[in-house]
Structures are given as structure tokens and as C-alpha cells.
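Reader: Hi! I'd love a close look at how residues pack against one another in this model, ending at the spot that a database record marks. Could you take me through it step by step?

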Amino acid sequence: MTTDEKFMHRCLQLAKKGEGFTRPNPMVGAVIVHDGKIIGEGYHRQFAEAHAEVNAVRSVKDPSLLSSSTLYVSLEPCAHHGKTPPCADLVIEKGIPKVVVAVLDPNPKVSGKGIEKMRRAGIEVTVGTLEKEAEDLNRFFFVNQLYNRPYVILKWAQSADGFIDHSRSSAEVAPAQISNEVTHSIVHKFRTRVEGIMVGTDTAILDNPKLTARKWYGDNPTRIVIDREGRIPSNAAIFNDDAKVIVFTRGDYRVKKENVKPIIIDFEGDTNRQILQQLYTERIHSLLVEGGARLLSTFIEKNLWDEAFIEVAAKRLLTGVKAPSIPLDNAIINRYLDSTQHHLKNKITQNFL
């Protein structure tokens, strides 16, 4: 590991501290080094608050050292006025002579402008140190900026023989218990890391899920459901007051609650892309799709997904609802008790990771 990589690794460690608090902004860490020693560091702590570079500069006890120091930062310093002033201007103002950047800002409207501004001011700028690691850390943000849609994560549990549930026609029949205690808690952890969680009509009716994060500390995501014909009962758990709800439907929706927002879409068109476009407009920048099999399969068929987590349990169901079909080649595998979790990243996302 080179000296630049060592300090950039620290930037990434700091950046991750902002996970869950900076969205939809990226997680960013910054380190200021003088004579081989860190004299200041900071990270973006909260959306609309000071950026990493600002917090790093503020932490330096002797500001006179800035004029002979190097700033390491995990994402290109901004060059535009947003919720806060441009960080590139701060770097120039403080007379920092050298800046090492992990990766450019993916927003096509701003990418490279911060670098250009600093270089015009005579600052030596290096780009690309731990670039892939920095992109992976902010993969949600990269997808948002490059594709103007939420980052889509698919998740389901299936039996060893490839079924996700019994064949059921009534909510009175309990769903198959495939996940174990550990993997069930992991699902709730996932829910705290995303802004939206979605299921289809039949899942909402047959499973009657709350779709909240009850087994992990964190915020509940916005619950999203498709209910084309208004079949979901008004007393369904998904409509409780625990979190907001977005319903995609074809006309006037009969559930009238303050936390329930119906959105009309054209079900004769490409519903998946309409849904993602509408969710992005609603500031849902990351989406966990939990079921059912038909909904998950449509995202796979249309290649509208970025990551997938497939739990394969040891138990067999023999018959039932077939699991979505997805190649498990090149998956990262983790084992939790009697289950194996397969973690996949789509090639769409790997184009820049």
C-alpha cells in the first residue's frame, strides 16, 4: 500500500461514518496531512450540513500548516453552490497546495469542474487513488446520478429445491418459513439502509407484511406497493401509521390516509420504468424489492436491478411458487446457520465499479 493509498483508506473509513445520514448526498471523508502526519480529518456527517473538506479544515489546530499540507478526499470537491458553499473554493482560499482525490463526481453537470477550478488556481491535483473502492462505497449515488433512478436491490429467500413459498390463495394459510433468525434480522438491517421497500399486490394481501425495520435500529423505509385494481384491504398492515406508503394504481384509490400517497401509472406501458421514474421524483433514491416472485422477475427480465441477495435454505418445499430465475455465477457467498446467502452485482453497476 502506497502512502497515498494509506491516507485515502482513512478517508473511506471516515466517509462510511456518514452512512444513512447523508443521503441523497454521497458519503465523503477527508484527511489533511503535513510532513507525513494527519493534522486534520473530517467527514460529511449529515445532509445539508458541512462537507468533509470543511470539517477537516476546521479540525486543524494550526491553520498556518495548511499552506504546506496535502488534502486527501474520497470524492471530488464540489465547485457549485448547493446547500453549502463550494469546497473547491475553500481549498483555494486556505492555500492548500496539493489535493489527492479518489474519484470524480459522477454528476455529468459537475464532474471535473472542481478539479479544473483547483488546477486553474495552481493546485497540484491527483485523481484515481483507490478509485474503485470509492465508487463502491457510493454506488447508490453513482446509479442515481448516471441513470436518474433509484438504486435497486432485489431480495428473496428460497428453499433448496427452488421455491419461495407454498401455493396459497388465502391469507389464512401461513407463508412458508424459509429464513432463519439470523437472516431475518439481516433483512431488517437492509430495510434501514434504503429509502423505499416494495412488494406486489399478492404479497401485500397474502403475507400482510408491515415492511418495517423492527429487528434493527434505524428508520423505517417508505413502503411501496402495486395495487392496480385496489384489491388490498384498507386494514392491511402495510397501511398502518409506522411509515409512509406509496401505492401505484390505475385510478382513484379508496384508502384515504395522510400517510398513503396513491400514484396513477399506465399499466399498459412499462410499469417498472414508470415506477422507478416516479420514485426518483419522490426522492426515493434506493429501493429494496422484496417480492413476490412475479414482481422480482420483471426487474430481472428488464435488467433494472443493481444488487441481489438470494438466501438459499437447507429445507425443501417440494412444490409451491417457483423462485425467480437468476444466474448465481460469481456471487459472493455468506453462510448463516442453515442458509447460504448469494450476493450478486449486476453488470450495469459493474460498468463503473
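**Packing, from a core to the annotated site**

Author: Happy to! In this predicted model, V99 is a good place to begin: setting aside neighbours up to four places away in sequence, V99 is in contact with L71, V73, V91, M118, I123, E124, V125 and T126. One of these partners, M118, joins V99 and Y72 as the residues that touch the most other members of the largest nonpolar core, which has 44 residues. Helix α1, residues 3-16, supplies the largest share of this core, with 6 residues. Another core lies apart from it and has 32 residues, including W156, F267, W305 and A308.

Two of those names lead on to helix α6. W156 belongs to the second core, and its number falls within β6 (151-158), one of the elements that the buried residues of α6 pack against. A308, also in that core, falls within β13 (307-313), another packing partner of α6. The remaining partners are α5 (131-137), α9 (271-281) and β16 (339-345). Within α6 itself, which covers residues 139-147, the buried residues are R139, F141, F142, V143, N144 and Q145. Just past the end of α6, N148 has a positive phi of about 50°.

Strand β6 now takes us to the marked spot, since A157 is found there. An unreviewed UniProt entry lists A157 and D207 under "binding site". Their C-alpha atoms are no more than 14.2 Å apart although they span 51 residues in sequence, so they gather at one spot. Both A157 and D207 are also among the residues lining the largest pocket.

How do the two compare, buried or exposed? A157 has a relative accessible area of 13%, so A157 counts as buried, the cut-off being under 20%. D207 is partly exposed because its relative accessibility is 34%, between the 20% and 50% limits.

Their surroundings complete the picture. Not counting sequence neighbours within four places, A157 is in contact with F163, I164, I178, S179 and E311; the number of E311 puts this partner within the range of β13 (307-313). D207 sits in the loop between α8 (201-206) and β9 (222-226). With residues up to four places away left out, D207 touches D165, R168, P175 and D202. For your modelling eye, here is one pair to look at: the side chains of D207 and R168 make a polar contact at 2.3 Å.

How values were computed. Residues are numbered from 1 along each chain as its sequence is written. This is a predicted model: local features need pLDDT of at least 70, side-chain atom pairs count only at pLDDT 80 or more; totals for chains, interfaces and linings use all residues. Side-chain values use heavy atoms; hydrogens and water are left out. A nonpolar core is a set of buried Ala, Val, Leu, Ile, Met, Phe, Trp, Tyr and Cys residues joined through side-chain atoms within 4.5 Å. Buried means under 20% relative accessible area, exposed over 50%, partly exposed in between (1.4 Å probe, protein chains only). Helices (H or I, at least four residues) and strands (E, at least two) are DSSP runs, numbered from the N terminus. Contact means heavy atoms within 4.5 Å. UniProt positions are given in the numbering used here, feature names are shortened, and annotations may be inferred rather than shown by experiment. On a 1 Å grid over the protein atoms alone, a cavity is a set of points where a 1.4 Å probe fits but cannot get out, and a pocket is an open set with protein on both sides within 12 Å along at least five of seven lines; lining residues have an atom within 4 Å of a point. A polar contact is a pair of N or O atoms within 3.5 Å; within protein, one must be able to donate a hydrogen and the other to accept it, and residues adjacent in sequence count only if both atoms are side-chain atoms.
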